[in-house]
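Work through the exercises below with the coordinates open. Each task is followed by a stepwise solution.

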Amino acid sequence: MGVPGPFPSFAGAPDGPVMGREEVDRTLAKLAAEHEAIESSLLALQDHAGRRLLEGAELTGVTKDRWSTTEQAISLLWSYFDAYTEALTRAREVRSRHRWPTQDELAELTELLCGTAITLPSSATLGGSPLLSEELGLDRLVDRMNRWYAEAIDVIVSADAIWSALPARIDMLSAELHRTRSLAHSVGVRPGEHPSGDDLEQITAELTALRAEVVSDPLAFWKPASGSSAPGGGSPDTERYDRAARALEDVRREIEAVLDVRQDAERRLMRLRDVLSRADRTLAEARQARGEVLAKIAASEVPAVSGPPTVLHEQLVAAADYRRRSQWHRLSPLLESLEQRADDELLRARESLTAVTAPLAVRAELRGRLDAYKAKVARHGMAEDPFLVERYDVARRMLWSAPCDLRAAEQAVLRYQRAAAEALVPRQTGPAGQGIEGGTE
């Protein structure tokens with residue numbers, strides 16, 4: 001519930017030592033309007049829902065301390081308002097004696113309206129005054145009431161804002177937490193058995209403690225607006241709530257991942273079996289190719305080929321067992337690990353096959369190059385050239401014999417290429433200096 005703004009300030013003393021009749025009448029009219037505004041503000045403060053909640057709550061911490069002071073301030077506000085009312089009533093009574101007030105009456109009215117004729121109880125607990133009572137003028141009285149009112153409304157509005165915002169949000173998050181816990185239990189995610197189960201217990205304890213603290217000490221969760229002096233200026237501090245909400249969201253995603261595992265576990269297991277089977281076949285092919293390379297290629301460094309991934313196969317058996325027992329919370333992380341490692345194993349097997357068969361690929365490339373140049377020589381009518389035939393036969397014997405010396409064979413192929421290029425230069429057409437078709441390598 002909103003309340004009117006601070007009380008209007010008193011206009012202050014007139015310039016002269018004694019007020020005139022017209023000035024007195026203007027001042028009284030202004031004071032009457034101020035009195036009405038003050039009364040409306042105090043009544044609104046008295047009826048504020050936040051004040052009623054604070055009065056009925058079992059408070060602790062910062063809120064307990066500030067509300068204790070605020071209650072005293074509200075009590076003194078009513079005492080000061082009564083004094084203000086009494087001073088205004090006296091002034092009206094003096095003014096009503098005569099239509100044209102006497103000089104003594106004007107002096108009395110000046111003292112009532114501008115002097116320090118109001119005696120009030122001490123406000124030592126709020127203002128630190130050591131006096132048992134104080135004498136104030138209306139202007140200082142209203143200034144002090146304004147200050148206490150601002151402090152009181154700041155406490156009430158801030159606490160009310162916290163109670164209006166955080167408990168409801170915590171309750172909604174707790175409801176979501178309850179649903180997540182039920183879902184977690186259905187897939188075997190329980191405290192002591194799965195990290196997410198432990199996280200749910202911690203979130204539950206945190207939300208329970210947070211709600212109790214918010215209810216008993218709301219002002220501990222209030223962040224005043226920087227640079228703002230307006231009552232109630234600020235916003236709720238939701239850091240702990242937000243942290244709990246993020247933690248619950250992480251757990252919820254983990255549970256959804258487990259549910260996904262339950263729904264497509266068989267498909268993923270079949271894919272894993274296929275990937276590991278392909279890796280095994282590729283490694284077997286690499287081992288066979290290694291033996292062939294060692295037999296057919298001389299003086300070549302051929303890398304060793306590892307055996308099948310036994311550990312992965314054992315873990316695949318364990319994953320199938322988890323699925324059979326519906327232990328989804330254990331199957332979920334194991335499948336994720338296996339899928340990555342199986343893909344890596346297949347890639348490693350393919351790389352091993354490529355590395356082992358590299359010498360055979362080099363030999364095949366040299367054979368292809370040699371035959372390409374032979375075909376080119378034949379197109380130019382030089383297939384029977386004795387020198388070229390001799391160079392070709394030397395290179396061919398090296399490439400088609402076992403074991404093949406790749407370095408020597410490559411040199412023989414290069415010699416045949418050069419001889420063919422030299423023999424074909426005079427027969428080429430086109431601008432002078434242009435190389436043979438296809439060039440040399």
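**Salt bridges and a buried acid**

Glu256 has a relative accessible area of 35% and is partly exposed (between the limits for buried, under 20%, and exposed, over 50%; 1.4 Å probe, protein chains only). The model is predicted: local features need pLDDT of at least 70, side-chain atom pairs count only at pLDDT 80 or more, and totals for chains, interfaces and linings use all residues. Residues are numbered from 1 along each chain as its sequence is written, and side-chain values use heavy atoms, with hydrogens and water left out.

**Exercise 1.** Find the salt-bridge partner of Glu256 and place the pair in the helix.

Step 1. A salt bridge requires a side-chain nitrogen of Lys or Arg within 4 Å of a carboxyl oxygen of Asp or Glu. Glu256 meets Arg252 in this way, at 2.3 Å, N to O.

Step 2. Both lie in helix α8 (residues 239-296), 4 residues apart, which means about one helical turn between them. Helices are DSSP runs (H or I, at least four residues), numbered from the N terminus.

Step 3. Arg252 is partly exposed, at 24% relative accessibility.

Step 4. Glu256 and Arg252 belong to a salt-bridge network with Glu249 and Arg253.

**Exercise 2.** Characterise the salt bridge between Arg323 and Glu266.

Step 1. The N to O distance is 3.4 Å.

Step 2. Arg323 sits in helix α9 (residues 310-324) and Glu266 in helix α8, 57 residues apart, so the pair links distant parts of the chain.

Step 3. Relative accessibility is 34% for Arg323 and 32% for Glu266.

**Exercise 3.** State which side chain of opposite charge is nearest to Asp160.

Step 1. Asp160 lies in helix α6.

Step 2. Asp160 is buried and has no salt bridge; Arg52 is the nearest such side chain, 8.6 Å away.

Definitions and conventions
Helices (H or I, at least four residues) and strands (E, at least two) are DSSP runs, numbered from the N terminus. Lys and Arg count as positive and Asp and Glu as negative; His and the chain ends are not counted.
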